[in-house]
Number of protein chains: 2
Amino acid sequence: MLLIVFHVPKSLFGTAPTVRLNRPLSSTSSGLQTQRQFPCVDAHAARESRLKASVALSDTTSETGPEPAYARPHPSQYSIYHHPRPFHLVYAAKLPSFDIAYETWGTLSPTRDNAILLHTGLSASSHAASTPTNPSEGWWEKFVGPGKAIDTDRYFVICTNVLGGCYGSTGPSSLQPSTGKPYGTNFPIISIFDMVRAQFHLLDSLGIDQLYASVGCSMGAMQSLAAGWLYPDRVGKVVSISGTARSTPSSIAMRFAQRSVLMADPNWNKGFYYDGLPPHTGMKLARQIATITYRSGPEWDQRFGRRIRTLPDSVTGKEQSSSPALCPDFLIETYLDHQGEQFCLKYDANSLIYISKAMDLFDMTSTALDGLQLTSSFHPLTIPLSPHGLHKTSHSKSHPPPANPPPYLSELAQGMQPLSNIPTLVLGVQSDILFTVEQQREVADALRLAGNDRVSYYELGGVWGHDTFLIDVLNVGGAIRGFLA
Amino acid sequence: MLLIVFHVPKSLFGTAPTVRLNRPLSSTSSGLQTQRQFPCVDAHAARESRLKASVALSDTTSETGPEPAYARPHPSQYSIYHHPRPFHLVYAAKLPSFDIAYETWGTLSPTRDNAILLHTGLSASSHAASTPTNPSEGWWEKFVGPGKAIDTDRYFVICTNVLGGCYGSTGPSSLQPSTGKPYGTNFPIISIFDMVRAQFHLLDSLGIDQLYASVGCSMGAMQSLAAGWLYPDRVGKVVSISGTARSTPSSIAMRFAQRSVLMADPNWNKGFYYDGLPPHTGMKLARQIATITYRSGPEWDQRFGRRIRTLPDSVTGKEQSSSPALCPDFLIETYLDHQGEQFCLKYDANSLIYISKAMDLFDMTSTALDGLQLTSSFHPLTIPLSPHGLHKTSHSKSHPPPANPPPYLSELAQGMQPLSNIPTLVLGVQSDILFTVEQQREVADALRLAGNDRVSYYELGGVWGHDTFLIDVLNVGGAIRGFLA
């Protein structure tokens with residue numbers, strides 16, 4: 001190892017600080033002539049080349065362009081509900097027809113009263129847990145299964161890929177019937193309410209009138225609340241974990257940043273990339289930004305701190321810290337880089353854009369809902385129904401609504417009126433920077449203000465941020481189990 | 001206005017919710033055939049065309065490529081300190097020479113004891129306040145001037161463009177003496193300590209031995225602490241506002257995301273774009289991300305809420321909300337878009353990359369400093385000096401250091417030992433998500449643990465987040481005025 005000791009020319013006054021360097025100098029730092037290496041940038045070009053090669057290969061066998069992994073989940077691994085009629089949407093006119101991909105676990109009871117509809121976050125498929133036809137681990141494997149928090153010995157669990165998604169349900173990558181080509185950005189703007197209405201067409205087809213519960217985390221919590229709002233007579237309980245009843249400017253800003261980097265990728269081509277290469281670089285960059293919002297600072301402090309990556313010494317082979325570079329140095333950087341790299345070909349870019357937009361648009365305040373002219377089947381005079389009489393929760397009967405609610409909260413309570421008779425579990429995480437704990441309190445307060453006296457409310461500590469719902473089986477799972485029982 | 005009322009086909013069970021739309025349908029939503037418009041994406045191409053046209057224009061008169069605004073501040077509006085000798089760096093070998101652009105306000109006293117060195121944030125120039133040669137408003141105009149918090153009737157104030165910058169100081173856009181071409185990414189990695197050491201060469205040239213105070217906000221606070229650390233005998237007081245003594249993984253993640261989108265812009269060309277077009281799209285996207293970290297959620301809730309942009313009706317001319325689109329809808333989105341657009345040609349992309357990296361690398365814990373072998377001129381036995389005897393502060397003499405400090409805090413205290421005799425003002429903002437209030441407490445606690453009994457510590461409330469130091473004249477200005485007096 002080269003040890004260099006030198007002294008800065010003595011300053012005119014005072015003691016001159018000394019600069020000594022006991023690390024190997026990089027080739028660029030001594031003479032400044034060798035061009036710096038950028039593996040993190042070269043990775044984009046390398047990915048592009050690999051994809052181009054796969055196009056060339058597929059050209060020899062077919063006329064179609066490359067199909068990234070998301071375009072071909074094996075249809076034998078999920079079921080499809082096909083809706084052959086026009087489906088009217090909140091913000092646009094209609095879809096001529098649609099498919100919803102779904103999977104189920106457990107057995108529907110003879111009285112059909114044990115169904116739980118599970119709603120997913122932005123990018124998840126219907127594969128919440130492993131099945132005989134698809135034994136790979138699901139996105140909520142630890143929570144759904146025999147004897148687990150959502151006990152499939154007891155409940156019949158249904159999970160769908162959302163409308164707008166790319167894992168079997170109709171979305172921007174689906175073929176538009178009138179053209180026979182992928183919708184691309186001809187796909188209409190969709191809302192969370194549209195996603196839920198599509199799911200209830202599936203429930204209709206399954207002969208399920210009453211849901212024992214509607215359960216969701218993150219964007220799934222929005223859907224879960226929307227399900228209770230649209231169909232208060234059909235939803236027995238609502239579970240909303242790390243969600244919100246109205247997206248905040250901060251969360252819109254984070255999703256806008258993701259959409260912006262994605263749409264700036266030349267491969268995106270205004271959404272028409274299905275016969276070419278997908279915007280994999282934009283997807284990687286977008287995922288890096290998203291990942292920042294999924295965890296929390298304290299977790300990274302514990303997990304990565306300021307540790308930097310090590311590389312094997314070219315002579316001794318011993319791992320040692322590299323000199324600072326412009327590509328990732330810190331472990332937090334390599335982590336984000338890796339997360340982006342893993343995701344960038346797994347999910348359809350247009351699905352990300354449309355679904356993240358649907359999240360931005362979600363707002364249950366009365367003024368926002370009035371603007372949509374979307375009506376609930378709620379009848380204010382309906383006698384509160386508990387679908388299972390015996391299982392009425394009473395966790396928070398003693399919690400009164402806030403005494404002097406601010407105007408926005410009153411508006412939210414007014415908008416959420418249809419949920420006033422449905423036992424609801426609201427659970428949030430104090431370290432969540434995307435769906436902040438303030439938003440969880442807001443949901444619980446608005447429900448209580450709306451007259452709901454069966455709101456169970458929990459706040460979790462810990463450092464896992466928004467991702468807590470994927471990790472904390474003990475606390476998240478425990479709260480769900482207790483609430484559903 | 002078209003009013004459409006339709007009913008979803010009645011579901012098998014229960015009441016079918018109704019969807020009604022009372023807004024004009026966009027051309028894409030009815031037939032799904034007209035291609036969607038993307039003004040936010042077209043903006044990048046339009047900017048590219050404008051820049052190309054300016055190249056063509058400049059080609060007729062010169063051989064050089066387009067020079068964005070940052071490349072030509074008028075040299076008559078600032079002074080230059082030229083350092084003609086090699087300058088040794090912390091992470092790389094050396095720069096063969098360097099320039100530092102600076103401006104001054106007020107008059108140096110005959111005893112040269114009233115100088116304040118002002119350090120800037122990442123992208124600021126030396127123009128902290130208006131001057132006779134440059135009457136345009138400076139970045140800290142409200143704080144620096146006759147009778148203001150930093151009173152130029154009393155103090156001689158010096159502000160520099162940092163080493164690595166692009167407003168007159170040597171940085172990646174400067175010509176490399178050995179090649180006569182811009183450094184680009186041949187520029188060496190620099191540290192906050194290098195920036196400060198370059199500034200002290202300027203002070204030497206001005207005949208300033210003792211600083212009355214070193215003052216900085218954001219990255220400037222890092223420099224301010226570094227100045228006290230490197231030259232404890234030459235710095236009378238240290239002001240650190242919304243800074244940190246060691247960058248956290250969260251802040252590194254946010255800067256990494258910015259560098260990543262910038263470096264993915266094909267125009268960036270691994271840093272060698274000076275004879276072509278600059279990576280303006282990457283710069284816009286990076287600035288959008290940065291802007292998210294500069295303010296806070298509560299401010300956006302108040303300022304924008306969920307309001308969406310309005311457009312004049314094509315017939316009546318009356319402003320009305322537009323239908324949801326994939327480009328910006330919400331005011332928070334148009335705000336971020338505008339901030340990015342305003343910035344993307346004002347600052348050099350490579351300067352952003354190098355300086356943000358220097359921020360990531362900043363760490364005053366003893367282990368990190370030991371690794372650098374960077375030595376302070378601190379002598380533990382030096383009798384505490386107060387350069388002005390009479391002006392010794394006593395704000396926090398009664399505040400003891402934390403009783404059971406965690407190990408990292410002890411390490412930080414050990415590293416910050418050279419600052420133990422310098423009266424220091426640490427001020428932070430509770431709504432700051434980039435330089436969190438926890439980091440401010442950490443700086444104050446570490447200094448107190450290091451034996452500094454003249455730490456003034458303030459936390460500000462309010463909703464302005466990191467940008468508070470640019471806005472809150474009453475509280476930030478007041479604390480500085482009180483501390484300096």
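Modeller: In this predicted model, helix α5 (residues 249–263) of chain B packs against helix α6 (residues 280–294) of chain B at an angle of about 165°, and their axes are 7 Å apart.

Colleague: Why are α5(B) and α6(B) called roughly antiparallel?

Modeller: The angle is about 165°. Angles over 145 degrees count as roughly antiparallel, so α5(B) and α6(B) are described that way. The crossing of α5(B) past α6(B) is right-handed.

Colleague: Which residues make the contact?

Modeller: From α5(B) come B:M254, B:A257, B:Q258, B:V261 and B:L262. α6(B) contributes B:G282, B:M283, B:L285, B:A286, B:I289, B:A290 and B:T293.

Colleague: How do the residues of that contact divide into nonpolar, polar and charged?

Modeller: There are 9 nonpolar, 3 polar and no charged residues. Gly counts as polar, so B:G282 of α6(B) falls in the polar group.

Colleague: Now the sheet of chain A. What makes β3 and β18 edge strands?

Modeller: The open sheet has 8 strands, in the order β3-β6-β10-β7-β13-β14-β17-β18, with mixed pairing. β3 (79–83) and β18 (455–460) each have a single partner strand, so one side of each lacks a neighbour in the sheet. On average, neighbouring strands are turned by 20° against each other, direction ignored.

Colleague: How do you know that β14 and β17 of chain A pair?

Modeller: Pairing needs at least two bridges. β14 (residues 238–241) and β17 (residues 424–429) share 4 bridges, in the parallel sense. In one of them, A:S240 is partnered by A:V426 of β17(A).

Colleague: Which strands does helix α14 of chain A lie across?

Modeller: Helix α14 (residues 473–484) lies across β7, β13, β14, β17 and β18, running at about 170° to β17(A).

Note on methods. Residues numbered from 1 in each chain as written. Chains lettered and ligands numbered in written order. Predicted model: local features only at pLDDT ≥ 70, side-chain atom pairs only at ≥ 80, totals over all residues. Heavy atoms only, no water. Helix = DSSP H or I, 4+ residues; strand = E, 2+ residues; numbered from the N terminus. Axes fitted to C-alpha atoms, helices over the stretch in contact; angles between N-to-C directions. Contact = heavy atoms within 4.5 Å. Parallel < 35°, antiparallel > 145°, perpendicular 65-115°, else oblique. Left-handed = near helix turned anticlockwise from the far one by under 90°.
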